[in-house]
Each structure stands twice: as C-alpha cells, then as structure tokens.
Number of protein chains: 2
Amino acid sequence: MAAKYKYPRPALTVDCVILGLDEDELKVLLIERGIEPYEGKWAIPGGFVVPGESVDAAARRELLEETGLKNVFLEQLYTFGDPDRDPREHVVSVAYYALTNLAGHEIKADTDARSAAWFAVHDVPELAFDHAKILEVALLRLQGKVRYQPIGFELLPRKFTLTQLQKLYEIILEKPIDKRNFRKKILSMDVLIELDEIQQGVAHRAARLYSFNEKEYRQKEKKGFSFEL
Amino acid sequence: MAAKYKYPRPALTVDCVILGLDEDELKVLLIERGIEPYEGKWAIPGGFVVPGESVDAAARRELLEETGLKNVFLEQLYTFGDPDRDPREHVVSVAYYALTNLAGHEIKADTDARSAAWFAVHDVPELAFDHAKILEVALLRLQGKVRYQPIGFELLPRKFTLTQLQKLYEIILEKPIDKRNFRKKILSMDVLIELDEIQQGVAHRAARLYSFNEKEYRQKEKKGFSFEL
DNA sequence: ACACTTAGTGTATTAAAAACACATAAAGTG
DNA sequence: CACTTTATGTGTTTTTAATACACTAAGTGT
C-alpha cells in the first residue's frame with residue numbers, strides 16, 4: 001500500500017457540497033468527523049483520490065459511499081490548494097457541488113460511525129478545515145449558474161408546481177420574484193410539460209403539476225436557445 | 001528529495017493558458033517540449049506543485065519561470081483529473097488562464113532550452129496531453145466571463161482607443177458589434193477615463209485614448225453595480 | 001486640393017422587464 | 001351548508017433596455 005516517489009507531492013482529496021431543498025430552505029449535508037484533526041467538528045463529506053480513478057469518479061464515489069446518493073447532479077466547483085488548509089500536511093482538495101431533492105432520496109445517515117445531518121445553509125455549525133469557504137463558494141456558484149442553466153430542477157421532485165419552482169428561485173437568489181412575470185417567462189421557454197395532474201393533500205386549491213422537459217431543452221440548447229431567468 | 005507515503009497519490013501539476021491580443025487575433029503562448037512524453041510537441045506551460053506552496057502560487061511561479069510574466073491577471077480555470085491524461089502515471093492538473101497584453105511584456109522565449117511561441121488560438125499545432133481540451137475550456141471561459149467582468153482590459157495596453165476595445169470584444173465573442181451602441185454602453189458605465197491624449201502615428205484621424213478606471217469600478221461593484229456588456 | 005481611412009455622433013423602432021390586482025377553486029370550520 | 005381560509009391562475013400598461021441605422025469630421029499621404 002505504501003508508495004515512494006522521487007519528489008514529494010501534496011495529497012489530493014475531493015469534497016462534495018451536497019445541497020437539498022427542504023420546504024423553504026436550502027440545506028447542506030454535513031458529517032461529523034470521528035477522527036482528528038477537527039474531531040467532533042462538522043465537515044463537508046469527502047475523501048482521498050485514489051490514483052487511477054478520475055477526480056470526477058472520486059467525487060461520485062465519495063458521494064455514494066458517504067450518502068448513498070447516485071445519479072445526482074454533480075459538478076466541479078473549484079480547487080482549494082492552500083498549504084495550510086489542513087494542519088497535517090499540504091492537502092489539495094478539488095471541491096464539487098451536488099444538487100438533490102431532499103424529499104426524494106433517503107440519506108443513509110451513518111456510514112462509518114459518523115453521523116450525517118442536514119443544516120440550513122445559512123445556519124451551519126463551525127466547520128472543519130476551510131469548508132466554510134467551500135460552502136460559500138458553492139452557494140455563489142449556484143446563484144450564478146441557476147440563472148442561465150436549468151439546474152434548479154435538480155432540487156425539486158420530478159413533478160412540481162410553478163409555485164414551488166418560483167419559491168426555489170427566490171430561496172436561491174434571495175430575493176422575491178413577481179408571480180405573473182415568473183410564470184410568463186418560464187412557460188414561454190417551452191421546457192416545462194404541463195401534466196394532467198394536480199397537487200394532492202393540500203388544504204386549498206390544488207395547483208397543477210409540471211415536469212421539466214430535459215429532452216426538449218437539450219434540443220433547444222443545440223439550436224442556440226439559452227435558458228435565462 | 002524522495003518521498004514516501006502510506007498510500008499512493010496522484011501527481012499534481014498546474015498548467016497556464018496564457019492569452020494575449022495581437023492586432024486582430026487572440027494568441028496563446030505555447031512551449032515546445034524538450035523531453036518525453038510528447039517530446040517535440042507543443043504544450044501549455046506548466047509544472048509540478050511543490051508541497052508547501054499554494055496551488056495559486058505554483059501557477060504564478062510557473063508563469064514567471066516559463067515566460068517572465070509577473071503581475072498579470074491569472075485565474076483558476078478547471079481541474080483536469082483523468083487518470084490517462086498523462087501516459088506516465090496519474091497526473092492531476094489544475095489549469096489556470098492568464099491574460100496579458102502581447103505588446104507590453106516581452107516574453108523571454110527560451111527558459112530551459114525549449115522554445116516558446118505565440119499561436120493564433122484557432123490555429124495551434126497538435127498539442128501534448130489533453131492541452132487542446134484545456135485551451136478550449138479557457139476560451140469558453142473567457143467568452144463567458146468577458147461579458148460580465150471587465151477582464152478584457154487585461155489584454156489591452158493601459159491606454160487604448162474605443163475602437164481597439166470594441167475589436168477586442170468582437171474577437172473574443174466572435175461576432176460583430178455596432179459601433180455606436182458599443183460606445184454608448186461602455187461609456188454609460190462610467191468606468192473609463194477619457195484621457196487628454198490621442199493616438200500617435202496613424203495614417204488617419206487619430207482616436208482619443210482611454211484608460212480603465214479600476215478604482216471606480218471596484219467602488220461601483222461594491223454598491224451592486226454590475227459590468228455587463 | 002483631393003483621395004483615403006478611421007473617428008465620432010443621435011434618433012427612431014422594437015423588444016424585454018417590471019409593476020400591478022382580482023376572481024377562482026378547493027378544503028376546513030362551526 | 002354557508003362561510004372562512006388559503007393559495008391558484010390570469011393580462012395589461014408602463015418603463016427600460018436593445019437594436020438598427022448613415023453621415024460629417026479629422027487627419028495623412030500623394
């Protein structure tokens with residue numbers, strides 16, 4: 001298992017900021033560290049890159065191992081390479097962010113005796129390493145990207161109401177949106193399928209359900225169409 | 001110099017896509033490889049990250065060592081982590097892109113007996129490793145970023161004409177721009193200083209020179225202003 | 001003085017963003 | 001079952017921003 005190299009090299013890890021939507025808050029999945037350094041502190045899930053596996057694959061593997069999540073939106077965020085971000089040695093971390101709908105997948109909480117939990121992104125405990133910074137960058141990226149790429153749908157169940165969708169954007173962008181203008185715009189893009197189905201079990205008029213037409217979007221995209229909110 | 005670790009780890013490098021503007025073309029600085037693999041092929045300058053130096057610092061160091069460039073715009077691009085991007089072993093590369101004005105700095109061509117040269121970005125020789133991909137990503141990033149951040153100025157001399165600026169945007173975005181609309185918009189942002197100076201040595205009416213008011217821009221930025229072209 | 005080249009300038013049209021309010025449907029309550 | 005509660009669904013006007021478009025001015029070279 002041990003390895004010898006002609007020149008020293010930094011260690012390489014991946015870390016995944018896993019975001020989910022819960023009612024009217026964005027949440028992030030954190031794990032409690034069981035070992036030093038930062039034992040007992042909360043951290044973004046991650047792990048070492050094994051030579052021979054692509055860094056993307058390492059991120060997917062860690063995501064699966066630590067949370068059981070599969071087939072979710074996962075994208076590279078930024079690489080954090082400060083030599084003192086880890087007190088042990090120089091550890092460079094390639095950070096990713098994942099989007100998932102909190103209601104859909106159950107998170108298997110404990111993988112290796114550590115507990116995992118969702119926290120509101122703006123109310124997290126003190127984080128290990130530079131993970132607070134990583135989370136901050138992830139949220140900024142999400143804010144930037146959600147406006148010109150339809151990645152918001154990853155945070156919703158497959159069938160959703162326009163109100164849910166609007167609320168999602170309001171949460172991410174942290175500003176209110178006009179209902180009529182929002183609906184006009186999103187519907188005019190023709191990337192939503194209006195389902196013959198309405199919301200169940202609500203104590204008021206039930207809203208129509210929609211789903212995102214990814215196929216249609218990909219075709220439009222090829223023809224130069226750009227999703228812009 | 002040799003190093004031993006408990007677990008194997010990929011090697012870590014930085015690569016810098018260095019872009020410059022030459023008349024009416026974007027150019028990229030490439031170096032000819034003097035050693036295997038890909039000996040004789042052209043490549044983006046780069047090198048190994050030394051433990052203890054931040055990855056950003058490594059990128060700056062390589063930039064300086066290989067080109068003599070200092071104090072230029074340099075930003076992280078993306079991390080390329082495919083295990084077979086280097087035939088020797090798994091080498092993960094954190095790519096950066098740098099912007100500089102070609103006329104301003106002289107590039108010291110030969111550092112370690114390898115030659116360096118500028119190539120038109122859309123007419124480069126076959127590149128080593130996955131460097132063609134890295135270049136492509138860099139150009140896409142530049143196209144995306146130039147529209148909402150005033151990074152284009154990095155490619156121009158400190159004093160420039162509005163026509164030069166417009167041409168720059170036309171080159172990067174690969175589409176023509178209306179002269180009057182362009183001037184109207186860029187001037188309305190109030191981030192250019194109109195100098196009491198005009199172009200010298202041209203065989204026609206000399207254009208007024210301008211410079212970018214970075215200080216003013218930073219202040220506006222804080223107040224929520226966003227540069228958008 | 002004339003030809004050539006690029007600089008510099010304003011307005012009208014069109015398209016997109018923003019602002020804004022009420023009737024409707026369904027469930028819950030007494 | 002009338003009534004209250006709650007969220008749904010829907011158009012028009014106003015304002016702002018984007019686009020389209022053509023001629024005169026200034027300077028160099030012959």
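Biologist: How many salt bridges does the rule find across the interface of chain A and chain B?

Modeller: The general idea goes like this: side chains of opposite charge can pair when their charged atoms come close. In this structure, which is a predicted model, the rule gives 2 salt bridges across the interface of chain A and chain B. One of them joins Arg9(B) to Glu89(A), with 2.9 Å between the closest N and O atoms.

Biologist: And what about polar contacts between the two chains, how many residue pairs are there?

Modeller: The count comes to 16 residue pairs in polar contact between chain A and chain B, both partners at pLDDT 80 or more. On the chain A side, the elements that give two or more residues to the surface touching chain B are strand 1 (3-5), strand 2 (11-22), helix 1 (55-67), strand 6 (73-80) and strand 7 (91-100). Sorted by class, that side has 17 nonpolar, 6 polar and 7 charged residues.

Biologist: What is the area buried between chain A and chain B?

Modeller: People often give the size of an interface as the accessible area lost when the parts come together. Here the area buried between chain A and chain B is about 2,600 Å², with carbon and sulfur atoms giving 60% of it. In chain A, the residues that lose the most area to chain B are Tyr5(A), Arg9(A) and Gln76(A), together 21% of what that side buries. If you'd rather think in residues, 30 from chain A are in contact with 30 from chain B.

Biologist: In what sense do strand 1 of chain A and strand 1 of chain B pair?

Modeller: They run antiparallel, over 3 bridges, with strand 1 of chain B covering residues 3-5. To find your place in that pairing, look at Lys4(A), which stands opposite Lys4(B).

Biologist: Let's go inside a chain. Which parts of chain B does the salt bridge of Asp15(B) and Arg85(B) tie together?

Modeller: Begin with the pair itself: Asp15(B) and Arg85(B) form a salt bridge whose closest N and O atoms are 3.9 Å apart. Asp15(B) is in strand 2 (residues 11-22) of chain B, while Arg85(B) is in the loop between strand 6 (73-80) and strand 7 (91-100), so the bridge ties together parts 70 residues apart in sequence. Both residues are buried, too.

Biologist: How far apart in helix 5 of chain B are Arg218(B) and Glu214(B)?

Modeller: They're 4 residues apart in helix 5 (residues 214-222), which means about one helical turn separates them. Their side chains meet in a salt bridge at 2.6 Å, N to O. Arg218(B) is partly exposed at 42% relative accessibility, and Glu214(B) is partly exposed as well, at 38%.

Biologist: Which residues are linked with Arg61(A) in a network of salt bridges?

Modeller: The network links Arg61(A) with Glu53(A), Glu62(A) and Glu65(A). For Arg61(A) and Glu62(A), the N to O distance is 3.1 Å. Arg61(A) is partly exposed, with a relative accessible area of 22%, whereas Glu62(A) counts as buried at 7%. Over all chains, a search of the whole structure finds 30 salt bridges.

Biologist: Last one: how many helices and strands does chain A have?

Modeller: Chain A has 5 helices and 10 strands. Its C-alpha atoms fill a box of roughly 65 × 40 × 30 Å along the principal axes. Of the 229 residues in chain A, 48% count as buried. As for contacts in chain A with a separation of 6 or more, 66% come from residues 24 or more positions apart.

Methods. Residues are numbered from 1 along each chain as its sequence is written. Chains are lettered from A and ligands numbered from 1 in the order in which they are written. Side-chain values use heavy atoms; hydrogens and water are left out. Contact means heavy atoms within 4.5 Å. Buried area is the accessible area (1.4 Å probe) that two parts lose on being put together, summed over both. A salt bridge is a side-chain nitrogen of Lys or Arg within 4 Å of a carboxyl oxygen of Asp or Glu. A polar contact is a pair of N or O atoms within 3.5 Å; within protein, one must be able to donate a hydrogen and the other to accept it, and residues adjacent in sequence count only if both atoms are side-chain atoms. Ala, Val, Leu, Ile, Met, Phe, Trp, Tyr, Cys and Pro count as nonpolar, Asp, Glu, Lys and Arg as charged, and the others, Gly among them, as polar. Two strands pair if DSSP finds at least two bridges between them. Buried means under 20% relative accessible area, exposed over 50%, partly exposed in between (1.4 Å probe, protein chains only).
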